Amino acid sequence: MGRIPRRAGGVTSENMRAWRLHELTGPGAISLDEVPVPDPGEGEVRVALRISALNHLDVWVSRGLPAPPGLPHILGGDGAGVVDAIGPGVTGLAVGDEVIVNPSLSCGNCPVCESGETVYCPTFGVLGEHRHGTLAEKVVIPAANAWPKPPALSWETAGSFSLATGTAFRMLRRARLADGETLLVVGVGGGVSSAAALLGVSLGARVFVTSRSPEKIAWAIENGAEGGFDSAGQFSKELRAAAGGLAHTVVENVGPATWGQSLRSLGLGGRMVVCGATSGAKAEIGIPALFFRQLEIIGSTMYTPTEYQDLMDLIASGRAAPPPVDRVFPFEELPAAIDRMEAGRQLGKIALTLD
């Protein structure tokens, strides 16, 4: 906790702790620093965080994939806490409000944002990637990104579900998943995939999963999935046998390691919706199968405010469950938390407590 940067405008006289990235060489370039507490500007609020959470995006950004706008940089997209300062022009929020941080950023003023399709905003971004994030004791965010925390939601869940669960929710909407259809979730266990499995069950789909971990498959079955298969095997054949046919929708965020089997798992007119590529950035496609079987490959990332509101309503009502919180680490133990996520040992989300 050694580096103390020179103060500039927009910060208070008090300090806070923050995990900051200093080089684009991976998580090893993140250090716990003492930095000035930022003041909220026009239309912004400051949140004293109770919980922060990790996403694979944090690791990608630490390696410059993509690079943040500048260094040093505070990572972290997910969090929840209490509003402790209000910027000029903010209405509807007060100091002391318990809020969830919504990490999906847009300008809010352009024609695209006014249409509701904020993910196509020219300045669309993600908290922790495009501006300083939640791996700190306090974070400044646009007031529109501070959402009321449902009283029944635990702090651990409130501070960890948004990015992954919102991403999974939009994926299933873009894939037009319908009641009674067959959904295959590839690589269940991470935040997006575990959220997709749970949401699929809540939407009335027949859910099947893949994983290299028998324990993660067992968890999915305990939570409503009909079956599961080894991600390293011929899971398209196993799905056909178990489900009596192939999938209407495949949720894919693994990449080339499973891409071929994921496409083979689609029935005629099936939709594969993709949000990530943890095993690599390039995969091959058999073009004749793509057009002859009338398949769709759909890219998806993050979500709109309307989708987030719909998701919040589902979770607050209990009609849908967010992914489980695998483990909560003390804020000071971020390196151990990242190690667990990079090793793929978690089931659901990994959180950090600032209490």
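## Exercises on a predicted model

Strands β3 (residues 44-53) and β5 (residues 78-86) are joined by eight bridges and run antiparallel. Keep in mind that this is a predicted model. Let's work through it.

### Exercise 1: Following β5

**Task.** Which strands pair with β5, in what sense, and over how many bridges?

**Solution.**
- Step 1. Start with β3: its pairing with β5 is antiparallel and has eight bridges. To see it in the model, find Ile51, whose bridge partner in β5 is Ala80.
- Step 2. Now go to β6 (residues 98-101), which is linked to β5 by four bridges, again in the antiparallel sense. Here you can look for Gly81, which stands opposite Val99 in β6.
- Step 3. Put the two together: β5 pairs with β3 and with β6.

### Exercise 2: Walking across a parallel sheet

**Task.** In what order do the six strands of the open sheet lie, and which ones are the edge strands?

**Solution.**
- Step 1. Read across the sheet: the order is β13-β12-β11-β14-β15-β16, with parallel pairing.
- Step 2. Look for strands that pair on one side only; these are the edge strands, β13 (227-230) and β16 (296-299).
- Step 3. Check how the strands are turned: on average, neighbours in this sheet make 20 degrees with each other, direction ignored.
- Step 4. See what packs on the sheet. Helix α6 (residues 214-222) does, touching β12 (206-211) and β13, and its direction makes about 165 degrees with that of β13.
- Step 5. Zoom in on one pair: β14 and β15 (residues 266-274) share five bridges in the parallel sense. Val251 is a handy marker, as it stands opposite Val273 in β15.

### Exercise 3: Two threonines in loops

**Task.** Are Thr258 and Thr118 buried or exposed?

**Solution.**
- Step 1. Place Thr258: you'll find it in the loop between β14 (247-252) and α8 (259-264).
- Step 2. Use the cut-off. Buried means under 20% relative accessible area. Thr258 has 4% relative accessibility, so it counts as buried.
- Step 3. Look around Thr258. Setting aside neighbours within four places in sequence, its contacts are Val186, Ser231, Phe235 and Glu252.
- Step 4. Do the same for Thr118, which sits in the loop between α2 (111-115) and β8. Its relative accessibility is 6%, so Thr118 is buried.
- Step 5. List what Thr118 touches, not counting residues up to four places away in sequence: among them are Ser106, Phe124, Tyr303 and Pro305.
- Step 6. Try one distance. Thr118 and Glu307 are 189 residues apart along the chain, yet 11 Å separates their C-alpha atoms.

### Exercise 4: Spotting unusual backbone

**Task.** Which peptide bond before Pro66 and which before Pro72 should catch your eye, and where do these prolines lie?

**Solution.**
- Step 1. Recall the usual picture: most peptide bonds are trans.
- Step 2. Check omega. Leu65 and Pro66 are joined by a cis bond with omega of about 5 degrees. The bond from Leu71 to Pro72 is cis too, with omega near -5 degrees.
- Step 3. Locate them: Pro66 is in the loop between α1 and β4 (73-74), and Pro72 is in the loop between α1 and β4.

**Task.** Where are Gln294 and Met302, and is each one buried or exposed?

**Solution.**
- Step 1. Recall that most residues other than glycine have a negative phi.
- Step 2. Look at the two residues. Gln294 isn't a glycine, but its phi is positive, about 60 degrees. Met302 also has a positive phi, near 55 degrees.
- Step 3. Place them. Gln294 lies in the loop between α9 (287-292) and β16, while Met302 lies in the loop between β16 and α10 (305-317).
- Step 4. Judge accessibility. Gln294 has a relative accessible area of 56%, so it is exposed. Met302 has 3% relative accessibility, so it counts as buried.

### Exercise 5: Around the largest pocket

**Task.** What is the volume of the largest pocket, and which element gives the most to its lining?

**Solution.**
- Step 1. Begin with the volume: about 1,300 Å³.
- Step 2. Find the centre. The lining has 50 residues, and those closest to the centre are His56, Trp60, Asn253, Ala277 and Thr278.
- Step 3. Go through the elements that give two or more residues to the lining; they include α1 (56-62), α4 (162-174) and β18 (349-353). The most comes from α1, with four residues.
- Step 4. Sort the lining by kind: 21 residues are nonpolar, 23 polar and six charged.

Notes
Residues are numbered from 1 along each chain as its sequence is written. This is a predicted model: local features need pLDDT of at least 70, side-chain atom pairs count only at pLDDT 80 or more; totals for chains, interfaces and linings use all residues. Side-chain values use heavy atoms; hydrogens and water are left out. On a 1 Å grid over the protein atoms alone, a cavity is a set of points where a 1.4 Å probe fits but cannot get out, and a pocket is an open set with protein on both sides within 12 Å along at least five of seven lines; lining residues have an atom within 4 Å of a point. Grid points are joined across faces, edges and corners, and a volume is the space filled by probe spheres set on the points. Ala, Val, Leu, Ile, Met, Phe, Trp, Tyr, Cys and Pro count as nonpolar, Asp, Glu, Lys and Arg as charged, and the others, Gly among them, as polar. Buried means under 20% relative accessible area, exposed over 50%, partly exposed in between (1.4 Å probe, protein chains only). Contact means heavy atoms within 4.5 Å. Two strands pair if DSSP finds at least two bridges between them. Axes are lines fitted to C-alpha atoms, for helices over the stretch in contact, and angles run from 0 to 180 degrees between N-to-C directions.
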